[in-house]
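Hello,

Here is the structure I promised to send over. Have a look at it first, and then read on for my notes.

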Amino acid sequence: MNTPPSPSGAEHTDGSSIRLGALAPLTRPGWIEAGRHLLAGLDLAVREVNDAGGIDGRPLELVVRDTAADPERAATAVDELAGLGVAAVAGEYHSVVARAAATRADALGVPFLCSSAVLNALTEEPTAWVARLAPPQSHGWRTYADFLLGTGRRRIAVATQPSVYWASGTRVLREHLTPRGGTVIELDTNAHTPEALRDALVDHGATALLLLVGHPEPAVPIVKAVRADRRLAKILIGAPAGQPEFAEWATALGADGAGIPFLRYLPERLGPLGERVGKELRERLGEAPSFVAFEGWDTIAVLADMLRSHGTDRAAIAKSWPRMAVEGTRGPIRFTRTPGISVWQRAWTPIQVVDRDPANPDHFRSLHTG
């Protein structure tokens with residue numbers, strides 16, 4: 001399914017608009033809630049640019065495509081958006097999908113600003129066409145590993161599914177924890193029912209279980225099984241990929257979903273811009289905005305600044321990544337070349353380890369800052 005252009009630009013049909021492609025997971029098996037928050041941030045920022053007069057009098061128009069967490073679909077969407085004449089492509093949440101989009105954008109010579117995905121290797125070779133706002137997985141997940149060590153957890157079990165993203169995360173954890181006295185035990189959820197996985201945790205003497213799996217299946221059944229077992233009353237359940245960030249998690253698990261630390265790409269306290277944007281996003285979403293919604297807003301802030309300075313020429317936009325500087329909702333945004341990262345990388349997005357407070361699951365507690 002192709003999603004119609006966003007209302008933020010759909011009313012401009014005279015051909016004068018500047019088109020930006022937007023990728024987001026809006027149907028299953030994509031994480032729909034993440035896609036909805038991402039699109040809310042993108043759309044709000046586009047509306048604000050247009051309300052302020054657009055780019056040299058020309059309105060921005062979002063042309064939205066649903067990736068549904070499908071890499072092939074994302075690559076096809078980039079082809080289509082390029083043919084529609086977009087100045088750049090933005091968005092996406094799922095790392096493997098973003099990698100497919102980045103690879104295609106690089107091949108076509110279309111600037112792609114990745115909003116939320118963290119997989120280190122977004123492209124196989126270094127590229128000038130792609131930049132990213134979110135921190136790379138190696139940076140964020142090392143922060144999470146430091147949090148685990150700080151709580152005294154060293155026997156770490158990871159419940160995994162086959163995926164480049166989960167395999168990469170497991171490798172980051174192992175490389176960081178092992179030299180510091182930690183042990184990482186992999187438990188394949190395709191080979192273990194939630195009950196068998198629960199028993200394996202006891203047998204291995206695990207002190208933490210990390211959910212490197214999809215939501216709601218199999219993450220929700222695993223949490224319920226572990227929470228129900230008195231033998232595992234002291235085990236820490238963690239979800240570095242951020243599953244508990246969204247209200248859908250709390251709805252599915254209730255009290256069982258609290259006290260599960262995850263990575264959140266927000267500062268401990270937002271500045272004036274972040275507070276204002278957060279209030280607007282809350283009104284749009286009807287709930288507290290996730291960090292993904294802020295990523296969406298920041299994405300458009302970057303691209304609008306580049307369009308004002310360099311126009312709509314794709315090559316000029318791509319050359320300007322290292323020269324741009326803009327104030328985002330979570331602090332200043334600049335892009336640099338980072339060792340081991342093939343794209344232009346924002347350095348650095350704020351990182352926290354937080355959880356939902358067991359006494360009030362709608363409230364987030366900050367446990368560690370990266």
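**What I found, starting with helix α10**

The face of α10 turned away from its buried side carries three exposed residues, Pro-272, Lys-279 and Glu-283. Please keep in mind that this is a predicted model. The helix itself runs over residues 272-285, and its 14 residues reach 20 Å from first C-alpha to last, close to the 20 Å expected at 1.5 Å a residue. Its buried residues are Gly-274, Val-277, Gly-278, Leu-281 and Leu-285. They lie on the same side of α10, because they cover an arc of only 105° around the axis. The spacing makes sense: an α-helix has 3.6 residues a turn, so residues three or four places apart point the same way. What does this buried side pack against? The partners are α2 (32-51) and α11 (291-310). Right after α10 comes Gly-286, with a positive phi near 75°.

Helix α11 brings us to the interior. The largest nonpolar core has 76 residues, and those that touch the most other members are Leu-20, Leu-60, Trp-141, Ile-300, Val-302, Trp-321 and Phe-335. The largest share of this core, twelve residues, is supplied by α11. Take Val-302: leaving aside residues up to four places away in sequence, Val-302 touches Leu-113, Leu-133, Trp-321, Met-324, Val-326, Ile-333 and Phe-335. There is also a second, separate core of 23 residues, with Ala-159, Ala-200, Leu-211 and Ala-219 among them.

Now to the sheet. Seven strands make up an open sheet with mixed pairing, in the order β2-β1-β3-β4-β5-β14-β13. At its edges stand β2 (60-66) and β13 (335-336), each with a single partner strand, so one side of each has no neighbour in the sheet. At the β13 edge, the partner is β14 (residues 344-346), paired in the antiparallel sense over two bridges. There, Phe-335 stands opposite Arg-346 in β14. Helix α2 packs on the sheet as well, touching β1 (18-24), β2 and β3 (88-91), and its direction makes about 165° with that of β2.

At the other edge, β1 and β2 run parallel and are joined by seven bridges, with Leu-23 opposite Arg-65 in β2. Is β2, as an edge strand, buried or exposed? It is mostly covered, with seven of its seven residues buried. That holds for both faces: Leu-60, Leu-62, Val-64 and Asp-66 are buried on one side, and Glu-61, Val-63 and Arg-65 on the other.

Finally, some backbone details you may want to inspect:

- The peptide bond from Arg-28 to Pro-29 is cis, with omega near 5°; Pro-29 sits in the loop between β1 and α2.
- A cis peptide bond also links Ala-347 to Trp-348, with omega near -15°. Trp-348 belongs to the loop between β14 and β15 (352-357).
- Asp-56 is a residue other than glycine with a positive phi, near 50°. Asp-56 lies in the loop between α2 and β2 and is exposed, at a relative accessible area of 71%.
- Ala-68, not a glycine either, has a positive phi of about 50°. Ala-68 is found in the loop between β2 and α3 (71-83), and counts as buried at 6% relative accessibility.

Happy to hear what you think once you have looked around.

Best wishes

Technical notes. Residues are numbered from 1 along each chain as its sequence is written. This is a predicted model: local features need pLDDT of at least 70, side-chain atom pairs count only at pLDDT 80 or more; totals for chains, interfaces and linings use all residues. Side-chain values use heavy atoms; hydrogens and water are left out. Helices (H or I, at least four residues) and strands (E, at least two) are DSSP runs, numbered from the N terminus. The expected span of a helix is 1.5 Å times one less than its number of residues. Buried means under 20% relative accessible area, exposed over 50%, partly exposed in between (1.4 Å probe, protein chains only). The arc is that of the directions from the helix axis to the C-beta atoms. Contact means heavy atoms within 4.5 Å. A nonpolar core is a set of buried Ala, Val, Leu, Ile, Met, Phe, Trp, Tyr and Cys residues joined through side-chain atoms within 4.5 Å. Two strands pair if DSSP finds at least two bridges between them. Axes are lines fitted to C-alpha atoms, for helices over the stretch in contact, and angles run from 0 to 180 degrees between N-to-C directions.
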